[in-house]
Amino acid sequence: MAPGRAARHRHQQLTHHVSTDLRKRSAMSKIAVIGLGIMGLPMAKNLVAAGHEVTGYNRSQDKVDAFVEAGGKGAGSVKEAVAGADVVITMVPDSPDVEAVVTGEDGVFANAPQGALWIDASTIRPDVAGRLAEAAREAGIRPLDAPVSGGEQGAIDGVLSIMVGGSEEDFAAAEEVLNGVGKTIVRVGPAGSGQTVKAANQLIVASNIQVLGEAVAFLEAYGVDTDAALKVLGGGLAGSKVLDQKGQKMLDRNFDPGFRLALHHKDMGIVTSAAREAQVAIPLGALVAQLVAATVNQGDGALDHSGLFKQVLQLSGREAEDKA
């Protein structure tokens with residue numbers, strides 16, 4: 001081959017490889033986000049900021065409008081959102097909601113391209129996650145259950161902890177997208193494992209919030225400087241992210257939702273049911289689940305889960321507004 005022809009040939013090969021790589025990156029960057037709520041909207045915004053092409057869908061149009069204003073694309077249905085997507089992320093409240101958006105003629109499985117990754121960031125029952133993963137594979141979709149922890153602020157900051165269930169190959173393919181919304185991202189086992197770990201997470205978080213509320217009520221009853229008390233407690237073995245993120249909310253009686261009690265109530269139902277099926281005793285978890293349920297039943301389900309503190313005050317005969 002003449003030198004000129006050889007050079008042109010090498011250039012054509014290089015151009016081909018670069019073009020192929022660009023197509024791959026472009027394909028991976030086409031993402032559909034189903035569910036633009038407290039967690040889903042900031043996650044979708046972060047994916048846009050990371051340079052991905054993101055289309056969002058939510059049942060309420062105002063959430064879609066907010067996403068469009070942030071640079072995303074809006075869709076009027078699940079079917080429209082997932083058309084041509086290489087990655088579909090669902091972030092909806094409960095197991096029936098996930099099933100509703102992925103199954104049926106207008107759902108993800110019937111309309112996403114073959115080979116697309118489906119990342120369910122919702123918190124649902126592990127058995128449902130396993131069953132839907134099997135249905136996804138039958139439909140030619142690659143499933144990962146990837147529930148998140150970190151609350152609204154973690155979603156806004158893009159530092160969520162993500163526990164992932166699914167195959168190693170699919171996890172590797174999804175890492176680039178997951179890195180756009182999370183900081184600690186770990187595959188914890190096969191399908192359903194992510195939801196199992198998330199159930200354990202919610203057990204730990206609810207129990208910590210409950211005992212933190214009890215500690216704050218105890219400190220206030222003795223009239224100590226609660227700001228100083230929480231500072232020193234946070235520097236010792238009692239320190240935790242729950243104390244850091246929820247302690248001041250309790251002191252301020254500010255229960256604006258970062259994660260609603262109604263959702264934590266649902267999650268405690270998941271963990272108590274799963275523990276019963278596994279024949280594992282969780283006596284403290286069962287008690288905290290009842291306290292969460294009581295708080296929700298009293299009309300406080302829309303509050304942040306730090307609102308468990310209100311139940312502590314009520315049981316102590318102290319009003320939520322009373323810091324004396």
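**Entry 1: valine 188**

I began with valine 188. Is this residue buried or exposed, or something in between? Valine 188 comes out as partly exposed, with a relative accessible area of 35%. I noted at once that this is a predicted model. I then looked up where the residue sits. Valine 188 lies in strand β9, which covers residues 182-189.

Next I asked which residues form a nonpolar patch on the surface. I found Val186, Val188 and Val197. Together they offer about 190 Å² of accessible area.

**Entry 2: a salt bridge at β9**

I stayed with strand β9 and turned to charges. The structure holds 9 salt bridges. One of them joins glutamate 168 to arginine 187, with the closest N and O atoms 3.8 Å apart. Glutamate 168 belongs to helix α9 (residues 168-178) and arginine 187 to strand β9, so the pair ties together parts that are 19 residues apart in sequence. I checked how open each partner is. Glutamate 168 counts as exposed, at 58% relative accessibility. Arginine 187 counts as partly exposed, at 29%.

**Entry 3: the whole chain**

I stepped back for an overview. How many helices and strands are there in the chain? I noted 15 helices and 9 strands. The chain has 324 residues, and 48% of them are buried. Its accessible surface comes to about 15800 Å². Carbon and sulfur atoms account for 54% of that surface.

I also looked at contacts with a separation of 6 or more. Residues 24 or more positions apart make up 64% of these.

**Entry 4: strands β1, β2 and β3**

I picked strand β2, residues 53-57. Why call it largely enclosed by the rest of the structure? Buried means under 20% relative accessible area. In β2, 4 of the 5 residues are buried, so the strand is largely enclosed.

Then I looked for the partners of β2. Strand β1 (residues 30-34) pairs with β2 in the parallel sense, over 5 bridges. I wrote down one bridge here: lysine 30 has glutamate 53 in β2 as its partner. Strand β3 (residues 73-74) also runs parallel to β2, joined by 2 bridges. Glycine 56 stands opposite glycine 74 in β3.

What links these strands? I traced two units. β1, helix α2 (residues 40-49) and β2 make a right-handed β-α-β unit. β2, helix α3 (residues 61-69) and β3 make a right-handed β-α-β unit as well.

**Entry 5: helix α2**

I looked harder at the helix between β1 and β2. In α2, 8 of the 10 residues are buried, so this helix is largely enclosed by the rest of the structure. The buried residues include Gly40, Leu41, Pro42 and Met43. Ala44, Asn46, Leu47 and Val48 are buried too. Just after α2 comes glycine 51, with a positive phi of about 100°.

**Entry 6: positive phi outside glycine**

That angle sent me to other residues. Most residues other than glycine have a negative phi. I found two that go the other way.

Arginine 253 has a phi near 55°. It is found in the loop between α12 (241-252) and α13. Arginine 253 is buried, with a relative accessible area of 16%.

Glutamine 279 has a phi near 60°. This residue is found in the loop between α13 and α14 (283-300). Is glutamine 279 exposed or buried? At 75% relative accessibility, glutamine 279 counts as exposed.

**Entry 7: helix α13**

Both loops border α13, so I went there next. Helix α13 covers residues 261-277, and alanine 262 lies in it. Alanine 262 is partly exposed, with a relative accessible area of 28%. Which residues does alanine 262 contact, leaving aside its neighbours within four places in sequence? They are Val296 and Gly301. Alanine 262 and valine 296 are 34 residues apart along the chain. Their C-alpha atoms are separated by 6.2 Å.

**Entry 8: two more salt bridges**

I closed with charged pairs. The side chains of aspartate 267 and lysine 266 meet in a salt bridge, at 2.8 Å from N to O. Both aspartate 267 and lysine 266 are buried.

Aspartate 300 forms a salt bridge with lysine 310, the closest N and O atoms being 3.4 Å apart. Aspartate 300 lies in helix α14 and lysine 310 in helix α15 (residues 308-315), so the pair ties together parts that are 10 residues apart in sequence. Aspartate 300 is buried, with a relative accessible area of 14%. Lysine 310 counts as partly exposed, at 27%.

Terms used: Residues numbered from 1 in each chain as written. Predicted model: local features only at pLDDT ≥ 70, side-chain atom pairs only at ≥ 80, totals over all residues. Heavy atoms only, no water. Buried < 20%, exposed > 50% of the residue type's maximum accessible area, 1.4 Å probe, protein only. Contact = heavy atoms within 4.5 Å. Areas by Shrake-Rupley, 256 points an atom, 1.4 Å probe, with all protein chains shown as cover. Pairing = 2+ DSSP bridges. Right-handed = clockwise from strand over helix to strand, strands pointing away. Patch = residues over 30% accessible without salt bridge, like charges linked within 9 Å, V, L, I, M, F, W, Y side chains within 5 Å. Salt bridge = Lys/Arg side-chain N within 4 Å of Asp/Glu carboxyl O.
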